[in-house]
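Work through the exercises below with the model open. Try each task before reading its solution.

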Amino acid sequence: ILGHFAPPEAAGFYRIAMSYANLLGTAAAPLGYVVFPTMSRMHAIGDPAQIRRLVRRIAAVMTAYSIPVAAAMALLAPPLLALTVKRDFLPAIPAVTVLLAAFVVANVTIWTRPVTLAIGRPGRSTWANGIQTAVVVAAAVVLVPRLSFVGSAWAYFLGTLAANLVVIVLIHRALPLFGRRSAGAVPAAGG
């Protein structure tokens, strides 16, 4: 879509922005693989409360990591891009910022795929991936003609956000994540 609606250099700007912003996601990616066996064990022994606690802990840690690192990467993008790929690519900076926000969302919700697999509902991730693709394509068709490669970055952000919201809702239907006491919890005195 970008190649159709924008000049060739727009694809180069987007690629540089995506490569740089993806560093934030690459650093967090192994976490999903590491927590899957633990979540599977918790599900196998019938302990959804432990899964909920682990999900909250992962989300908190990834938030504490992703937001400051993304902010630092955004602030350092101009000098780092100028140093590594030349000043000619500095127009990519607005796309870098948007894509960093997308990777913050992806990092904070990195637990979603391991949970869907652990609870035996992998189709929920597949639905989310389909929704992400549909949102990215639809948003790109609308935004790229107006915003070029920055429109592509916004399309990616919107797709990432939509997919993660959908998969969280789908997981919550099978394993309530929020607003419920864990099974077997003793209510507080007077409550």
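**Exercise 1. Place Ile119 and decide: buried or exposed?**

Solution. Start with the location. Ile119 sits in the loop between helix 6 and helix 7. Helices (H or I, at least four residues) and strands (E, at least two) are DSSP runs, numbered from the N terminus. Next, apply the accessibility classes: buried is under 20% relative accessible area, exposed is over 50%, and partly exposed lies in between (1.4 Å probe, protein chains only). Ile119 has a relative accessible area of 11%, so it is buried. Last, take a distance. Ile119 and Val35 are 84 residues apart in sequence, and their C-alpha atoms are 13 Å apart in space.

Two conventions apply throughout. This is a predicted model, with residues numbered from 1 along each chain as its sequence is written. Local features need pLDDT of at least 70 and side-chain atom pairs count only at pLDDT 80 or more, while totals for chains, interfaces and linings use all residues; side-chain values use heavy atoms, with hydrogens and water left out.

**Exercise 2. Describe the overall fold. How many helices and strands are there?**

Solution. The protein chain has eight helices and zero strands. Along the sequence the pattern reads α-α-α-α-α-α-α-α. Along the principal axes, the C-alpha atoms fill a box of roughly 65 × 35 × 30 Å. Of the 191 residues, 40% count as buried.

**Exercise 3. Characterise Pro68.**

Solution. Pro68 belongs to helix 4 (residues 48–85). Its relative accessible area is 45%, so Pro68 is partly exposed. Then compare with Thr126: the two residues are 58 apart along the chain, and their C-alpha atoms are separated by 30 Å.

**Exercise 4. Find the salt bridge. Which side chains meet in it?**

Solution. The criterion is a side-chain nitrogen of Lys or Arg within 4 Å of a carboxyl oxygen of Asp or Glu. The structure holds one such contact. It joins Asp88 and Lys86 at 3.6 Å, N to O. Now look at Lys86 itself. It lies in the loop between helix 4 and helix 5. Its relative accessible area is 52%, so Lys86 is exposed. Check the backbone too: Lys86 has a positive phi of about 90°, although it is not a glycine. Ser148 also has a positive phi, about 55°, and is not a glycine. Ser148 is in the loop between helix 7 and helix 8.

**Exercise 5. Analyse the largest pocket. Which helix gives the most to its lining?**

Solution. Rolling a probe the size of a water molecule over the atoms shows where empty space is left. On a 1 Å grid over the protein atoms alone, a pocket is an open set of points where a 1.4 Å probe fits, with protein on both sides within 12 Å along at least five of seven lines; lining residues have an atom within 4 Å of a point. The largest pocket has a volume of about 680 Å³. It is lined by 25 residues, and the closest to its centre are Ala106, Thr109, Ile110, Thr112 and Arg113. Helix 8 gives the most, with five residues. By type, the lining divides into twelve nonpolar, twelve polar and one charged.

**Exercise 6. Which residues form the nonpolar surface patch?**

Solution. The members are Ile1, Phe5, Val137, Val141 and Val142, with about 400 Å² of accessible area together. Helix 7 (residues 123–147) brings the largest share, three residues. Val137 is found in helix 7. At 41% relative accessibility, Val137 is partly exposed.

Terms used. Patches are made of residues with over 30% relative accessible area and no salt bridge: like charges are joined within 9 Å, nonpolar side chains (Val, Leu, Ile, Met, Phe, Trp, Tyr) within 5 Å. Accessible areas come from the Shrake-Rupley method with a 1.4 Å probe; for residues, only the protein chains shown count as cover. Grid points are joined across faces, edges and corners, and a volume is the space filled by probe spheres set on the points. Ala, Val, Leu, Ile, Met, Phe, Trp, Tyr, Cys and Pro count as nonpolar, Asp, Glu, Lys and Arg as charged, and the others, Gly among them, as polar.
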